Amino acid sequence: MAASQPLDAGRSLIAAVRSALLANSTLAGMLVGNRVMTWAPSSCPTPYVQIAHRSNDWSTATEDGQEVVLDLNIYHQPDSQTPEAGTARTIMGLCRQTLHTASLSLASPFKCTLIRVTNEIGPYRDPDGVTLHGVVTIRALVDHT
């Protein structure tokens, strides 16, 4: 029977994804101050990755689990020294590549049984007319062990 305590694997998965992304030295070197975070102040220098998450319960009568969906929002404000969308696209590609091959270790009691990079959007120009914004979405199935 499923455990009576609520299952929240989101934080554990975010921590594992953040560690994997920052372990990629090429990617970490492109981000201002190695910025991979869940919340960014409005004055945060770019480029950076902001992680948003949502989850769905997929528990059964005998197993506890969640589908956790992470949206990696990549923000970049190009200047005269950088190509229009090149930096944002490169960061998006490095995020996809890193997480496609990652073996994520989650904090106990969670275990990632499946991770899939499902789509990539953008980069497109945000309403401010300056910031480029791309999204890489990750879906993970997480068991409660």
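This is a short tour of the salt bridges in a predicted model. Side chains of opposite charge can pair when their charged atoms come close. A search of the whole structure turns up three salt bridges, so let's visit each of them, using a cut-off of 4 Å between the nitrogen and the carboxyl oxygen.

**Stop one: Arg54 and Asp71**

Select Arg54 and Asp71 and show their side chains. They meet in a salt bridge, with 2.7 Å from N to O. Now colour the strands: Arg54 belongs to strand S2 (residues 48-57) and Asp71 to strand S3 (residues 65-76), and the two residues are 17 residues apart. Turn on the surface next. Is Asp71 buried or exposed? Asp71 is buried, at 14% relative accessible area, while its partner Arg54 is partly exposed at 42%.

**Stop two: Glu67 and Arg139**

Stay on strand S3, but pick Glu67, then add Arg139. Their side chains form a salt bridge too, at 3.0 Å from N to O. Glu67 sits in strand S3 and Arg139 in strand S5 (residues 132-144), so this pair ties together parts that are 72 residues apart in sequence. Check the surface at Arg139: with 33% relative accessibility, Arg139 is partly exposed.

**Stop three: Arg96 and Glu120**

Next, select Arg96 and Glu120. What is the distance between their closest N and O atoms? In this salt bridge it is 3.3 Å. Here a helix joins in: Arg96 is in helix H3 (residues 86-100), Glu120 is in strand S4 (residues 110-125), and they are 24 residues apart. With the surface on, Arg96 comes out as partly exposed at 30% relative accessibility, and Glu120 is partly exposed at 39%.

Conventions
Residues are numbered from 1 along each chain as its sequence is written. This is a predicted model: local features need pLDDT of at least 70, side-chain atom pairs count only at pLDDT 80 or more; totals for chains, interfaces and linings use all residues. Side-chain values use heavy atoms; hydrogens and water are left out. Helices (H or I, at least four residues) and strands (E, at least two) are DSSP runs, numbered from the N terminus. Buried means under 20% relative accessible area, exposed over 50%, partly exposed in between (1.4 Å probe, protein chains only).
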